[in-house]
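Q: Please take a close look at one residue of this model and the strands around it. Then work outward to the rest of the fold.

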Amino acid sequence: MAALRRLLRSPARACFLPQCSAGKRLISSAISEPELRFPELLNHRQFPDRKDSSDRDVRWVFLGCPGVGKGTYASRLCNLLGVPHIATGDLVRDELNSSGPLAEQLRGIVNQGKLVSDEIIVNILAKRLEEGEAKGESGFILDGFPRTIKQAEILEGVTDIDLVINLKLREDVLVEKCLGRRICSQCGKNFNVASIESKGEDGRPGIYMAPLLPPSGCASKLITRADDTEEVVKERLRIYNDMSLPVEDFYRSRDKLLEFDLPGGIPESWPKLLDLLNLSDQDVKQSAAA
C-alpha cells in the first residue's frame, strides 16, 4: 500500500501490537510518551509533504459529537486508504451476538442497564486489532473511541495512535441535523430530511447542508429514532462536551490533535478534509495500484 506509506513522516518506535497478548498491556499505569509527533498541527492547517515509511501505516482516531458524521467520514477514508473502519459500538454488538465466553457477561451487563466497563471494551478492541494484525491489515481508523481520558490512557497502552481527527460543527446546526435523521423501517438505511441553511453571524461562517433524501421505495417507510428529540439531543451533546474536552487536551498535549470545522455537508466538507490531510481520491487510487 504505497499510498498509505507516504502518509507518515517517520518510522514507528514499535511494530503493530508487538505482544501476542494485548490484554497484558491494557491497564498499564506506565504510559510512555510516543516518539511519533505532529508538532506542525498546532500551527498550520495542512500537512507538509510526507516521506515514505515502509514499516508503518495509519492508525487514526475520529472524535466528534454524536451525529457530527464520524462514521461517514471515517468509512470514506477507510475505503480510500484500504484500511479497516473499527467502531467500538459495532464490536460490542458483534460480541453480544456471538457465542464467545464474553457474550454472556456482556448480556448480563446490558440486561441490568449497566455501562460496559472500559476494560471490557478495550479487551474487545485489542482482540479485534490482534485479529487484524494476523490477517495482515495495514493499520486502522477508530470511530467513537476513546471517549474518556481513562480510555485514552488505556488505549495508549495497547497501540500507538498517529493522528486524532476532531470533527466540529456548530451546535445549532448539529441539533437540526440530528432532528432530521430518519431510518427506513424496511431496509435499515439512514437518511436525513433536514435542509440546513444557517446564515453566518458574529464572525461565524454560514453553513449549508442539503438533505439526504430516500429513494421512492423508502420514502413511505421512514421512521424517527425515539431518542432524536431536541431535549435528548442537547443532553447528549452536553454530556459529550463534558467528557470530550479532557480527551482533546490529552491528544493536543501530544501534538496529535487535528481539528476540522465542517464547512457544510459531504460535498463541501470531503474535499476540504482530503486537502487538510494532503490526500486526494485520484492520487491514492493511483498509488495503491502501483
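A: The residue chosen is Arg 225, which lies in the loop between strand 9 (222-223) and helix 9 (230-252). The model is a predicted one, and everything below should be read as a description of that prediction.

Arg 225 has a relative accessible area of 34%, and because buried means under 20% and exposed means over 50%, the residue counts as partly exposed. Its side chain makes a polar contact of 3.1 Å with the side chain of Asp 227. Beyond the neighbours within four places in sequence, Arg 225 is in contact with Arg 181, Ile 183 and Arg 236. Leu 179 is 46 residues away from Arg 225 in sequence, while the C-alpha atoms of the two are 9.2 Å apart in space.

Two of these contacts, Arg 181 and Ile 183, lead to strand 5, which spans residues 181-184. Strand 5 runs antiparallel to strand 6 (residues 190-192), with three bridges between the two. In this pairing Arg 181 has Asn 192 of strand 6 as its bridge partner. Five residues separate strand 5 from strand 6 in their hairpin, and Gly 188 there takes a positive phi near 85 degrees. Strand 5 also pairs with strand 9, again in the antiparallel sense, over two bridges. Here Cys 184 stands opposite Leu 222 of strand 9. The loop that holds Arg 225 has strand 9 at one end, and strand 9 is a partner of strand 5.

Another sheet is built from five strands. It is open, its order is 2-3-1-4-10, and its pairing is parallel. Strand 2 (85-87) and strand 10 (257-261) are at the edges with a single partner strand each, so each has one side without a neighbour in the sheet. On average, neighbouring strands are turned by 25 degrees against each other, direction ignored. Within this sheet, strand 1 (residues 59-64) and strand 4 (residues 163-168) run parallel and are joined by five bridges. Leu 63 stands opposite Asn 166 of strand 4. Helix 2 (residues 70-81) packs on the sheet and touches strand 1, strand 2, strand 3 (140-143) and strand 4. The direction of helix 2 makes about 160 degrees with that of strand 1.

Strand 3 is also involved with helix 6. In helix 6 (residues 149-156), the buried residues are Gln 151, Ala 152, Ile 154, Leu 155 and Glu 156. They pack against helix 5, strand 3 and helix 9. Helix 9 is the element that follows the loop of Arg 225, and Arg 236, one of the contacts of Arg 225, has a number within the range of that helix (230-252).

Helix 5 (residues 118-134) in turn packs with helix 3 (residues 88-96) at an angle of about 90 degrees, with the axes 10 Å apart. Helix 3 and helix 5 are therefore roughly perpendicular, a label that covers 65 to 115 degrees. Thr 88, Leu 91, Val 92 and Glu 95 supply the contact from helix 3, and Ile 121, Ile 124, Leu 125, Lys 127 and Arg 128 supply it from helix 5. By class, five of these residues are nonpolar, one is polar and three are charged.

Arg 128, a residue of helix 5, is a second arginine that can be described in detail. Its relative accessible area is 17%, and because the cut-off for buried is under 20%, Arg 128 counts as buried. A polar contact of 3.0 Å links its side chain to that of Glu 137. Leaving out residues up to four places away in sequence, Arg 128 touches Pro 84, Ile 86, Leu 91 and Glu 137.

Helix 3 also packs with helix 4 (residues 101-111), at about 110 degrees and with the axes 8 Å apart. That makes helix 3 roughly perpendicular to helix 4. Val 92, Glu 95 and Leu 96 of helix 3 meet Leu 102, Ala 103, Leu 106, Arg 107 and Val 110 of helix 4. This contact has six nonpolar, no polar and two charged residues. Val 92 and Glu 95 take part in the contact with helix 5 and in that with helix 4.

For the chain as a whole, there are 11 helices and 10 strands. Of its 290 residues, 44% count as buried. Among contacts with a separation of 6 or more, 75% are between residues 24 or more positions apart.

Technical notes. Residues numbered from 1 in each chain as written. Predicted model: local features only at pLDDT ≥ 70, side-chain atom pairs only at ≥ 80, totals over all residues. Heavy atoms only, no water. Helix = DSSP H or I, 4+ residues; strand = E, 2+ residues; numbered from the N terminus. Buried < 20%, exposed > 50% of the residue type's maximum accessible area, 1.4 Å probe, protein only. Contact = heavy atoms within 4.5 Å. Polar contact = N/O pair within 3.5 Å; in protein donor to acceptor, adjacent residues only side chain to side chain. Axes fitted to C-alpha atoms, helices over the stretch in contact; angles between N-to-C directions. Parallel < 35°, antiparallel > 145°, perpendicular 65-115°, else oblique. Nonpolar A, V, L, I, M, F, W, Y, C, P; charged D, E, K, R; others polar. Pairing = 2+ DSSP bridges.
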